[in-house]
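Please look over the sequence and the model below. The text that follows goes through the chain and its ligand in turn.

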Amino acid sequence: MENELLNIKNNAVSLILDAKEKSELEEIKLQFLGRSGNLTSLIKGISKLPEEKRKEIGMLANEVKQTIEEAIDRQAVSLSKQTTTARREKIDITNPSIHPPLGHRHLITQAIEEITEIFEKIGFNRVRYPEVEWDWYVFEALNFPKNHPARDDWETFFIDEKEHPKYGSMVLAPHTSGGQIREMERIKPPIRMLNIAKAYRRQSDASHTAMFHQFETLFIAENVSISYLKGVLDYFTRSFFGEKREARIRPYHFEFTEPSFEVDVTCGVCMGKGCKLCKEGWLEMGGAGMVHPDVLKAGGIDPKKYSGFASGWGVERVLMMREGLNIDDLRLIYSNNLDFLEQF
Ligand code: DAH
């Protein structure tokens, strides 16, 4: 009986070590330790043995049983480790992953962020004011005489809304200059405002879109002179267009500034020499000037104590000027044409 037990142990252990699947282990377990398994039947026979043998064989049988059970457990653990390694090996982690189609920010949004950063470095604070605005903010408080034809220059969209006794009609903001008054109402000087917002005008052709963006600066403090304006203008020109570009101001007229200027930047194609695009070497960027005393008054600021400058330029315009983009039709920017947008 002793030999039989040792045979069973050896057989079982070698079968267990050869097993490749957990199901095989189950079968082996049944074969040896099941109710009618080899070992079980042998153990049943122990009671028939002579008394003095029973204990010894009993202990041996128990040992064999334990060895088989432990071998089965160990093999089961090592099989499950192998399967996870195998599964892992099937995933080649060096394969390039699937790239989800990622978009990027619109070129105008990128320009707005860049402009914001440039002005934030010199302490200007980015704000935004309503796109649906009262006449008072965009015209009246900016010194536009009532019913004066100057209002027509701005090709304003009017909202079909009852006139307000103080603020007049409701309009789509035709420029960001109304933000000057709103900012003066919001805080006391010193004021360093950068208002970047949408502007709307009733015009749509190759060089105009009915909706576009402007960035408006307003600087108000004591003793602000034109040299402040020129300094900020030069700083912006260098930062946005590059060290080689220059800016100049020339006299102009706006209702809300006195004196008023138009600002030009040297052409990026010929660097100021004169070419087909610019003719004389300069490209017009937008307006600027010293805030008119009446505008300060309308904003509740004492013009005897404070002075300031303001400027208003087009985001689309400065971007086109910088990139030297020769877009035949400005409306392309807002046409959701991916072939165009993906280039930026
Ligand atoms: N608001 C003017 C426009 O849309 C631009 C402008 C001119 C803004 C002179 C200013 C300024 O702040 O001082 O054409």
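A residue counts as near the ligand if one of its heavy atoms lies within 4 Å of the ligand. In this predicted model, 16 residues surround the ligand, and the closest are H175, S177, R201, Q214 and E216. By residue class, this shell divides into 5 nonpolar, 9 polar and 2 charged residues.

Which strands each supply at least two residues of the shell? They are strand 5, covering 211-221, strand 8, covering 282-291, and strand 9, covering 307-314.

The polar contacts can be taken one residue at a time. Here a polar contact is a pair of N or O atoms within 3.5 Å. In the side chain of H175, an N or O atom is 2.9 Å from a nitrogen atom of the ligand. S177 also uses its side chain: one of its polar atoms lies 2.8 Å from a ligand nitrogen atom. With S311, the contact is made by the backbone, where a polar atom is 3.2 Å from an oxygen atom of the ligand. On its own the ligand has 350 Å² of accessible area, and the protein covers 93% of this.

Where does the ligand sit? Its place is the largest pocket.

The chain as a whole remains. Its domain assignment gives domain 1, residues 2-90, and domain 2, residues 107-341. Taken over C-alpha atoms, the centres of domain 1 and domain 2 are separated by 89 Å.

Conventions: Residues numbered from 1 in each chain as written. Predicted model: local features only at pLDDT ≥ 70, side-chain atom pairs only at ≥ 80, totals over all residues. Heavy atoms only, no water. Polar contact = N/O pair within 3.5 Å; in protein donor to acceptor, adjacent residues only side chain to side chain. Areas by Shrake-Rupley, 256 points an atom, 1.4 Å probe, with all protein chains shown as cover. 1 Å grid on protein atoms, 1.4 Å probe; cavity = no way out; pocket = protein on both sides within 12 Å on 5 of 7 lines; lining within 4 Å. Sits in = over half its atoms within 2 Å of the grid points. Helix = DSSP H or I, 4+ residues; strand = E, 2+ residues; numbered from the N terminus. Nonpolar A, V, L, I, M, F, W, Y, C, P; charged D, E, K, R; others polar. Domains from an automatic or database assignment.
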